[in-house]
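Got the viewer open? Here is a short tour, one selection at a time.

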Amino acid sequence: MNWREEWRVPHRFLKKRLLTSPKQQDDHHSEHAGDSSNCHNEWLVKWCGLDYEHATWELENASFLHSPQAQNLIREYENRHQRAKEVASFAIVDKVLVVGGGDVGVLREISRHNIVI
């Protein structure tokens, strides 16, 4: 199989997960459970020119993750993730406020501006 150069270029980061050692998992409820200094993240990478089924998990210390392009993709992922959280919280706020009564248009406007009542 010939590897195309584009297949080595990350297109998008799809997911981030925390890796822990089996010992850390066993010690999850111990006094050192908050110590994540030995934990590492992995990124699920969708590669240029390849379908999503060919996405791979890559350790955060992979050399390509330190490139300016990869740093931009990480920022894009973090921004998407933050926006998704905000949208989810807005939807919950809308439903709770509408159930409580009041002017629906005003309540949606309040939630859009991230104002908590």
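## Starting inside a strand

Begin with Lys46, which is buried, with a relative accessible area of 9%. Keep in mind as you go that this is a predicted model. Lys46 sits in strand 2, so colour that strand if you like; the cut-off for calling a residue buried is under 20% relative accessible area.

What does Lys46 touch, not counting residues up to four places away in sequence? Select Pro10, His11, Arg12 and Leu14, then add Asp51, Tyr52 and Ala55. Now click on Phe13 as well: Lys46 and Phe13 are 33 residues apart in sequence, yet 6.2 Å apart in space from C-alpha to C-alpha.

## Along strand 2

Stay in strand 2 and pick Asn41. Is Asn41 buried or exposed? Asn41 counts as buried because its relative accessibility is 18%, and the limit is under 20%. Leaving aside neighbours within four places in sequence, the contacts of Asn41 are Lys16, Arg17 and Leu18, together with Glu58, Leu59 and Glu60.

Next, select Trp43. Leaving out its neighbours within four places in sequence, Trp43 has a long list of contacts, including Phe13, Lys15, Lys16, Thr56 and Trp57. Leu65, Ile74, Tyr77 and Glu78 are also among them.

## Over to strand 1

Go to Pro10, in strand 1. Pro10 counts as buried, with 6% relative accessibility. Draw a distance from Pro10 to Trp47: their C-alpha atoms are separated by 4.5 Å, although the two residues are 37 apart along the chain. Besides Trp47, the contacts of Pro10 beyond four places in sequence include Val45, Lys46, Cys48 and Phe64, with Gln69 and Leu73 on the list too.

Now step back to Trp7, in the segment before strand 1 (10-19). At 14% relative accessibility, Trp7 is another residue that counts as buried. Trp47 turns up here as well: the C-alpha atoms of Trp7 and Trp47 are 5.7 Å from each other, with their positions 40 residues apart along the chain. Trp7 also touches Asn2, Cys48, Gly49 and Leu50, not counting residues up to four places away in sequence.

## A pocket to look into

Keep Trp7 selected and add Met1, Trp3, Arg8, Trp47, Leu50, His54 and Thr56; together they line the second largest pocket. The volume of this pocket is about 180 Å³. Try colouring its lining by residue type: you should get 5 nonpolar, 2 polar and 1 charged.

## The nonpolar core

Which residues have the most contacts inside the largest nonpolar core? Select Phe13, Trp43, Val45, Trp47, Phe64 and Leu65 to see them; the core has 13 residues. Strand 2 (40-47) and helix 2 (68-99) are the elements that give two or more residues to this core. Helix 2 provides the largest share, 4 residues. In soluble globular proteins, nonpolar side chains tend to be buried together.

## Zooming out

Finally, show the whole protein chain as a cartoon. You'll find 3 helices and 3 strands, and from the N terminus on they run β-α-β-β-α-α. Of the 117 residues in the chain, 22% count as buried. Switch to a surface view and you are looking at about 8,900 Å² exposed by the chain, with carbon and sulfur atoms supplying 54% of it. As for contacts with a separation of 6 or more, 52% are between residues 24 or more positions apart.

Notes. Residues numbered from 1 in each chain as written. Predicted model: local features only at pLDDT ≥ 70, side-chain atom pairs only at ≥ 80, totals over all residues. Heavy atoms only, no water. 1 Å grid on protein atoms, 1.4 Å probe; cavity = no way out; pocket = protein on both sides within 12 Å on 5 of 7 lines; lining within 4 Å. Points joined across faces, edges and corners; volume = space filled by probe spheres on them. Nonpolar A, V, L, I, M, F, W, Y, C, P; charged D, E, K, R; others polar. Core = buried A, V, L, I, M, F, W, Y, C linked by side-chain atoms within 4.5 Å. Buried < 20%, exposed > 50% of the residue type's maximum accessible area, 1.4 Å probe, protein only. Contact = heavy atoms within 4.5 Å. Areas by Shrake-Rupley, 256 points an atom, 1.4 Å probe, with all protein chains shown as cover.
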